[in-house]
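Welcome! Have a look at the sequence and the 3D view below, and keep them open while you read.

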Amino acid sequence: MESQDSRGPDERRRLLLSLGMLCYPFLTAAGVAQHASGAGLVAGYLLLVAVSACYLAIVTASMRSRWRTYWWLLAGMTALAVLVAPLAHENALILTAMIVPAAVARVDGRAAPALVVLGAAACVGVPMLVPGWSTGPGWYFAVAVVFTALLVHTFSRTATANQQLREARAEVARLASEAERNRIARDLHDLLGHSLTAITVKTTLARRLAAGAPAAALAEMESVERLSRQALADVRAAVSGYRDVTLAGELARGRELLRAAGVAADLPTAYDGVPPERQELFGWVVREGLTNVVRHARAERCTVELTASCVEVRDDGVGGPAGAGSGLDGLRARVAAAGGVLTAGPTRPRGWSLRVEAPA
C-alpha cells in the first residue's frame with residue numbers, strides 16, 4: 001500500500017504530461033481542416049483520434065512496463081502519422097513531437113540525441129521536398145520536437161531517481177528492522193545468560209544447603225525468586241527497547257553472583273571516574289565477563305578493574321582459547337559500534353582476561 005501511494009504522484013504527473021501532449025493532434029487537426037474536405041476530412045479526424053488513443057495506450061504500457069507492447073504501439077502511431085500526412089500536409093509533422101520523445105524515453109546512449117536530430121531535421125527538410133507544403137512552420141515544429149524530447153527525458157530521469165529513492169528507503173527500512181531484531185536477540189542472550197546462570201548457581205547452592213542449613217537454603221531460594229523476577233523485567237525491557245543496563249547495577253549483581261558461586265570478588269566500590277556516556281557499555285562488559293567467569297572459569301578469584309577509559313574482568317581460572325561465543329560476539333559487536341576495542345584471551349600463568357578500551 002505504501003509503495004503504491006509513493007508511486008501515485010509520479011503516475012499523476014505522467015498522466016498530466018501525456019494529456020498535455022494531446023495538443024499536437026489538435027494542431028494537426030487544423031491542418032486537416034485546411035487541406036481536406038468531405039470524406040478526407042472525416043478520415044483525417046478519425047486518424048488523429050486513433051493517434052491520440054495509441055499514444056495513451058503507449059503511456060499505459062510504459063506504466064505497466066510492457067515494453068514489447070510499447071514498441072508495437074509506437075510503430076502503429078508512426079504509421080498513422082504517415083497516413084494523416086497527405087490530409088494535413090506540413091501540420092502532420094508536429095506529430096513528430098509525440099513520436100520522437102516516446103522513442104527517446106526507451107533508448108540509451110547516442111541513439112537518443114540522434115533520434116532528436118533526425119526528427120528535427122525531418123520537420124525542417126520534408127516541407128522543402130514535398131511540393132505544395134509550406135516551409136514556414138518547419139522550424140517551429142523542430143523546436144517543439146527538441147523541447148518535448150528534453151521535457152520527457154527530464155521527467156523520465158526524475159521518475160527513475162524517485163524510484164531508486166523509494167527502493168533505497170525500503171532497503172534502509174529493511175536493514176533497520178533486521179538490525180533491531182539482531183539487537184533484541186543479542187540483548188536477550190546477554191540478559192538471560194546472566195540471569196539464568198545466577199539462578200542455576202543459587203539453586204545448586206540452595207540444594208546443597210537444604211539438608212544442613214534450611215534457613216540459608218530458604219534465603220538462597222528467595223534470592224532465586226528475585227533474580228527470576230528481575231530477569232523477566234529485563235526481558236520485557238529489552239523487547240520494548242527501553243532496557244537500562246547500568247555499571248552500578250551490574251557491579252552489585254556481579255558481587256552477589258560471585259558470592260553465590262563461591263568466587264572471591266575483587267570489585268570496585270566506586271565508579272565515579274567513568275564518564276556517564278561509557279557506563280552503560282562498561283556495564284555490559286562487566287555483565288558478560290562475570291557471567292563467563294561463573295559459567296566456565298572454575299576460578300577462585302575474580303577481579304574487575306575500572307578506569308575512565310578501560311574496564312577489565314580478570315580471573316584465575318582454567319582459562320582457554322580466545323574463541324568466539326555468542327555472548328562474546330554480541331559484546332564485541334556492541335563495543336565496535338561504540339568505537340571501542342575488545343581483547344579477550346588467556347593470561348599467564350593461568351586465568352582469563354576480558355578487556356575493553358573505550359574510544360578517546
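Here is a short briefing, grouped by topic, on what can be read from this structure.

This is a predicted model, and its mean pLDDT is 81. Two separate nonpolar cores, a set of paired strands and a small aromatic cluster give you good places to start looking.

**How far to trust the model**

- Across the protein, 82% of the residues reach a pLDDT of 70 or more.
- Residues 1-6 are another matter, with pLDDT below 50. Beyond near neighbours in sequence, this stretch has one contact in the model.
- Where pLDDT is low, the predicted coordinates should not be read in detail.

**The largest nonpolar core**

- This core holds 46 residues, and those touching the most other members are Tyr24, Tyr55, Leu74, Met77, Val84, Leu95 and Met98.
- Six helices each supply at least two of the core's residues: H2 (23-35), H3 (39-63), H4 (67-88), H5 (96-104), H6 (111-129) and H7 (138-212).
- Which helix gives the largest share? That is H4, with nine residues.
- Try clicking on Met77: leaving aside residues up to four places away in sequence, Met77 touches Val51, Cys54, Tyr55, Ile58, Met98 and Ile99.
- A second, separate core has 37 residues, including Ala260, Trp284, Val285 and Leu342.

**Helix H5, buried or exposed?**

- H5 is mostly covered, as nine of its nine residues are buried.
- Among them are Thr96, Met98, Pro101 and Val104.

**Strands side by side**

- Strand S2 (residues 301-306) pairs with strand S3 in the antiparallel sense, over five bridges. The two are joined by a hairpin of three residues.
- To find this pairing on screen, look for Leu306, which stands opposite Val311 in S3.
- S3 (residues 310-315) also pairs with strand S5 (residues 352-357), again in the antiparallel sense, this time over six bridges. Here Arg314 stands opposite Ser353 in S5.
- Five of the six residues of S3 are buried, so this strand counts as mostly covered.

**Cysteines**

- How many disulfides does the structure hold? The count is zero.
- Cys23 has 35% relative accessibility, so this residue counts as partly exposed.
- Cys310, at 8% relative accessibility, counts as buried.

**A cluster of aromatic rings**

- A pair of aromatic rings is described by the distance of the centres and the angle of the planes.
- Searching the whole structure turns up two aromatic pairs.
- One of these pairs is Trp67 with Tyr70, which is edge-to-face, at 5.5 Å centre to centre and 70° between the planes.
- Trp67 and Tyr70 are three residues apart in helix H4, so about one helical turn separates them. An α-helix has 3.6 residues a turn, so residues three or four places apart point the same way.
- Why is Trp67 called partly exposed? Its relative accessible area is 27%, which lies between the cut-offs of 20% for buried and 50% for exposed.
- Tyr70 counts as buried because its relative accessibility is 4%.
- Tyr70 also pairs with Trp71: the ring centres are 5.8 Å apart and the planes stand at 80°, so this pair is edge-to-face too.
- Trp71 has 37% relative accessibility and therefore counts as partly exposed.
- Together, Trp67, Tyr70 and Trp71 form one aromatic cluster.

Technical notes
Residues numbered from 1 in each chain as written. Predicted model: local features only at pLDDT ≥ 70, side-chain atom pairs only at ≥ 80, totals over all residues. Heavy atoms only, no water. Core = buried A, V, L, I, M, F, W, Y, C linked by side-chain atoms within 4.5 Å. Buried < 20%, exposed > 50% of the residue type's maximum accessible area, 1.4 Å probe, protein only. Helix = DSSP H or I, 4+ residues; strand = E, 2+ residues; numbered from the N terminus. Contact = heavy atoms within 4.5 Å. Pairing = 2+ DSSP bridges. pLDDT = per-residue confidence, 0-100. Disulfide = S-S within 2.5 Å. Phe/Tyr/Trp six-rings, centres within 6.5 Å; stacked < 30°, edge-to-face > 60°.
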